[in-house]
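Here is a short briefing on one pocket and on the charged pairs of this protein. Keep the sequence and the 3D view open while reading.

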Amino acid sequence: MLNFIEQKFSAVKDQLVARVPQGPNLHGHAAVLLALTDEPDPQVILTLRSQQLSSHSGEVSLPGGRWDESDPSLEYTALRETHEEIGLPAEDVRILGPLWTRTTRWQVEVTPWLGVVPADAPLTPNPGELDAIFRVPLSFFLDDPRIRTDRITIDQRRIYLPAYEYEGYEIWGFTAGVLTEFLMRVLDVPIGRRDDVPVRALS
């Protein structure tokens, strides 16, 4: 599966690299890591943010965070924040390249980075930021077992995103958007609107 992913990604990589926001001032930008484990059915590494955080508390997210003035690039930001959050060293991540920069509902520009990590990489949640780390097989998302569709308006555009539940974790919003865009635009997976699940409107 990873060979297939890398082959498909190579077709869009150059145009995506050219679109990555550059410094020196990247205030208002952030970066996350879409980490796939190196195994036949790659797993996506996800986190559950701490209930004690002031923003996005208790939400499922990709490891990552805000750009810092000491960061030379957004790729560095994604790797630094991933190490701080889940204890994964940068040298254990094989970065394939950037994905599409997305704007959150709070007007933060976030660039996801696609990377491959060892299947047996030991991960430890930062207790000040995370309540849990968990993994979801990529095949789960390929099957599109959504529990509902969320309708979000960003930059006056109406966007429909699937929401999933996996072993008690609800995966929705920005995180579901990154995963869905990767599946649709890189792997050509047809994930469209569905009439058999409820639609939830988000402000």
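The side chains of Glu181 and Arg102 form a salt bridge, with 2.9 Å from N to O. Glu181 belongs to helix α5 and Arg102 to strand β6, so this pair ties together parts that lie 79 residues apart in sequence. The model is a predicted one.

**The Glu181–Arg102 pair**
- Both partners are buried: Glu181 and Arg102.
- Side chains of opposite charge can pair when their charged atoms come close.
- Both residues also appear at the second largest pocket, among the lining residues closest to its centre.

**The second largest pocket**
- Its volume is about 430 Å³.
- The lining counts 22 residues. Closest to the centre are Arg102, Ile159, Leu161, Gly177 and Glu181.
- Four elements each give at least two residues to this lining: β6 (102-103), β9 (148-154), β10 (157-166) and α5 (173-185).
- Which classes of residue make up the lining? Eight are nonpolar, six are polar and eight are charged.

**The Arg148–Glu170 pair**
- A second salt bridge joins the side chains of Arg148 and Glu170, at 2.7 Å from N to O.
- This pair links distant parts of the chain, 22 residues apart. Arg148 sits in strand β9, and Glu170 sits in strand β11 (residues 169-171).
- Is Arg148 buried or exposed? Its relative accessibility is 10%, so Arg148 counts as buried; the cut-off for buried is under 20%.
- Glu170 has a relative accessibility of 31% and therefore counts as partly exposed.

**The Asp196–Arg194 pair**
- Asp196 and Arg194 form a salt bridge too. Their closest N and O atoms are 2.9 Å apart.
- Asp196 counts as exposed, because its relative accessibility is 57% and exposed means over 50%.
- Arg194 has a relative accessible area of 25%, so Arg194 is partly exposed.

**Network and total**
- Which residues do shared salt-bridge partners join into one network? They are Asp71, Arg80, Glu81 and Glu84.
- The count for the model comes to 13 salt bridges.

**To look at in the viewer**
- Start at Arg102 in strand β6 and go across to Glu181 in helix α5.
- Then turn to strand β9, where Arg148 pairs with Glu170 of strand β11. Strand β9 also supplies at least two residues of the pocket lining.
- Finish at Asp196, which is exposed, and its partner Arg194.

Definitions and conventions:
Residues numbered from 1 in each chain as written. Predicted model: local features only at pLDDT ≥ 70, side-chain atom pairs only at ≥ 80, totals over all residues. Heavy atoms only, no water. 1 Å grid on protein atoms, 1.4 Å probe; cavity = no way out; pocket = protein on both sides within 12 Å on 5 of 7 lines; lining within 4 Å. Points joined across faces, edges and corners; volume = space filled by probe spheres on them. Nonpolar A, V, L, I, M, F, W, Y, C, P; charged D, E, K, R; others polar. Salt bridge = Lys/Arg side-chain N within 4 Å of Asp/Glu carboxyl O. Buried < 20%, exposed > 50% of the residue type's maximum accessible area, 1.4 Å probe, protein only.
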